[in-house]
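Visitor: Please take a close look at the aromatic rings of this model and at what surrounds them. I should like one connected account rather than a list.

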Amino acid sequence: MQALMMNSQLMISSILKHAEKNFPEVEMVSVTVDSPRHRQTYKTFAKRCRQLANALSALGAEFGDRIGTLAWNDFRHMELYYGVSGSGMVCHTINPKLFPEQVAYIINHAEDKILFVDVLVMPLLEALKDHLSKVETIVVMTDRAHMPESTLPNVVCYEELLAEQSDEYEWPQFDENTASGMCYTSGTTGHPKGVVYSHRSTLLHALSGALPDVTTASNMETTLPVVPMFHVNAWGAPYAALMVGMKMVLPGPKMADGETLTDLMTSEEVTFSSGVPTIWLALLDYLAANNKTIPSLARVSVGGAACPRIIVERFREQHNCTVVQGWGMTETSPLGTIFSLKKGMENYSDEQMTDLQCLQGRGVFGIEMCIVDENNEELPWDGEAFGALKVRGPWVAKGYFGLSDVPGNEECPVDEKGWFNTGDVATISPDGFLQITDRTKDVIKSGGEWISSIEIENAAVNHEDIAEAAVIGRYHPKWTERPLLICVLQEGKSLSSEEVLEFLRGKLHKMAVPDGVEFVDELPHTATGKLNKLGLRKTFADYEFPAA
Ligand code: ADP
């Protein structure tokens with residue numbers, strides 16, 4: 001029997017319409033290159049999103065076209081999130097901090113038709129000028145007064161473009177499975193891979209993310225996402241905030257600036273903020289050095305990398321603020337698990353509570369998870385057994401843009417049973433708390449950004465005295481993880497750490513140059529002859545990097 005309910009499609013534009021009607025007075029405050037403190041209401045925001053939709057069509061963009069963004073967290077980037085997706089195009093967010101070749105690859109692979117870029121990103125585009133053959137227009141996200149000089153063809157000013165457009169626009173209705181957004185994730189080897197979100201996945205993800213046990217999003221709260229909008233949709237904040245009418249504060253290019261963050265959070269009375277561990281360590285240091293605190297800040301969510309215990313303790317003891325750790329991936333939109341209590345745990349001692357907060361949290365509704373052994377057999381949730389972490393659900397990727405999405409195919413991340421293999425190794429406690437214990441994918445996460453270990457290994461073995469090299473990530477107090485290079489030297493040769501590092505500088509991106517070099521007689525290998533990184537990580541479990 002068929003139900004008799006309206007088959008309303010889940011549309012991102014519906015969030016915008018809801019916010020405009022119900023929370024027209026709520027503010028969105030931004031730092032941009034052209035304004036230290038820009039303010040607009042959701043009412044103005046909605047109007048400008050409609051102007052943007054008209055502007056896109058005036059520029060010749062059509063349903064399904066990819067529209068790239070290279071920008072920080074601010075109101076114009078928010079307008080792109082809604083204006084682009086709402087009108088049926090795909091909002092493709094790109095990390096401006098990637099290597100220029102990667103940025104060019106991503107833009108070309110996605111076939112971006114128009115690029116919207118922050119003023120500060122223009123030098124990068126100038127450098128890529130000859131590699132962007134498919135881009136028709138570049139819109140600089142500023143006003144006329146702040147437009148940079150440019151040698152690029154078809155450069156347009158965002159504010160002038162909008163000013164020419166009517167604010168009347170009827171948001172189209174279409175299939176909720178239509179692509180709404182795109183974000184590339186860097187793989188271990190080969191090129192970055194495009195994750196493609198839908199209106200349906202984005203909406204369901206935001207609904208779940210706004211639940212009380214997840215982020216306590218509400219009209220009573222003010223949020224400041226420090227997690228960049230070019231990285232997995234700033235963990236869904238741009239959607240969840242408008243759903244519940246939460247005031248947004250957006251730090252623009254000042255994401256890593258302790259003083260600006262403190263000032264913004266204090267004066268705008270931010271209650272909730274989200275970001276990677278490196279950001280919080282820097283902010284905590286700034287607050288300590290300047291004898292400051294942020295009275296309104298009640299909760300911070302931490303994700304993207306394991307949250308060091310010291311972050312939990314310092315926020316509680318020095319700032320009366322609760323740390324909420326979450327685990328996720330670009331492929332999981334990203335929300336997978338997040339810290340939340342079960343009845344009875346509210347009485348835990350500070351020590352016990354910190355233990356819980358240092359785990360990766362519990363699964364949210366919508367995400368099913370399991371851990372499996374080498375034979376793909378499910379392991380118990382006993383907090384002891386550890387295995388490969390797999391997830392599935394309506395906001396988990398089933399394939400990558402332009403690659404096969406047939407389960408089992410090597411290009412497809414999903415197995416025959418429909419589970420997405422995360423590449424993380426974990427235990428799950430009887431209460432459902434996930435603990436990431438290791439990673440099978442061969443990448444290092446430093447300050448929330450990926451570094452390819454293979455790239456470093458390849459560069460190292462180019463040295464004639466190095467016979468074999470392996471790179472693993474090890475704990476670092478500032479970056480959470482940094483690369484450690486372990487080398488086997490050619491017979492009879494000797495090298496110092498500094499000589500190896502000197503050789504690598506200039507061949508690798510600055511962040512990819514290892515923080516430590518160790519020499520061993522041989523490296524461990526698996527039965528199939530591959531480097532056994534799990535073994536290496538055990539051997540170097542207590543490794544400490546030399547002081548810089
Ligand atoms: P994001 O940085 O948004 O989490 P990525 O796709 O770049 O998304 O990275 C996902 C990977 O980051 C995970 O597979 C895991 O290895 C690591 N990660 C994310 N959150 C955590 C966490 N809380 N603890 C440990 N590792 C994490």
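Guide: A residue is called buried here when its relative accessible area is under 20%, and exposed when that value is over 50%. The model is a predicted one. By the criterion just given, both Phe116 and Tyr158 are buried.

These two residues also face each other as rings. Phe116 and Tyr158 form an edge-to-face aromatic pair, with 6.1 Å from centre to centre and 80° between the planes. Phe116 belongs to strand E5 (residues 114-117) and Tyr158 to helix H6, so their pairing ties together parts of the chain that lie 42 residues apart in sequence.

The search of the whole structure returns ten aromatic pairs. Another of them joins Phe63 and Phe174, again edge-to-face, at 5.1 Å centre to centre and with 80° between the planes. This pair links distant parts of the chain, 111 residues apart: Phe63 is in the loop between helix H2 (42-58) and strand E3 (66-70), while Phe174 is in the loop between helix H6 (158-163) and strand E8 (179-185). Phe174 has a relative accessible area of 12%, and it counts as buried because that value is under 20%.

Rings also gather in a cluster, in which ring pairs link Phe45, Tyr81, Tyr82 and Tyr239.

Tyr239 falls within the residue range of helix H8 (residues 237-244), the helix that also holds Ala241. Ala241 is buried, since its relative accessibility is 0%. Leaving aside residues up to four places away in sequence, Ala241 touches Tyr42, Thr223, Met246 and Met248. Pro430, by contrast, is 189 residues from Ala241 along the chain, and the C-alpha atoms of the two are separated by 32 Å.

Two rings have a charged partner. The ring of Trp419 has the charged end of Arg392 over it, 3.9 Å from the ring centre. Phe503 has Lys507 over its face, at 3.9 Å from the centre of the ring.

Beyond the rings, the ligand deserves a brief word. Strand E14 (residues 322-328) contributes the most to the shell around the ligand, namely four residues. Polar atoms approach the ligand as well: a backbone N or O atom of Gly326 is 2.8 Å from one of its nitrogen atoms, and a side-chain N or O atom of Gln325 is 3.0 Å from a nitrogen atom of the ligand. For Thr330, a backbone N or O atom lies 2.8 Å from an oxygen atom of the ligand. Of the 540 Å² of accessible area that the ligand has on its own, the protein covers 97%.

How values were computed: Residues numbered from 1 in each chain as written. Predicted model: local features only at pLDDT ≥ 70, side-chain atom pairs only at ≥ 80, totals over all residues. Heavy atoms only, no water. Phe/Tyr/Trp six-rings, centres within 6.5 Å; stacked < 30°, edge-to-face > 60°. Helix = DSSP H or I, 4+ residues; strand = E, 2+ residues; numbered from the N terminus. Buried < 20%, exposed > 50% of the residue type's maximum accessible area, 1.4 Å probe, protein only. Lys NZ or Arg CZ within 6 Å of the ring centre and 35° of its normal. Contact = heavy atoms within 4.5 Å. Polar contact = N/O pair within 3.5 Å; in protein donor to acceptor, adjacent residues only side chain to side chain. Areas by Shrake-Rupley, 256 points an atom, 1.4 Å probe, with all protein chains shown as cover.
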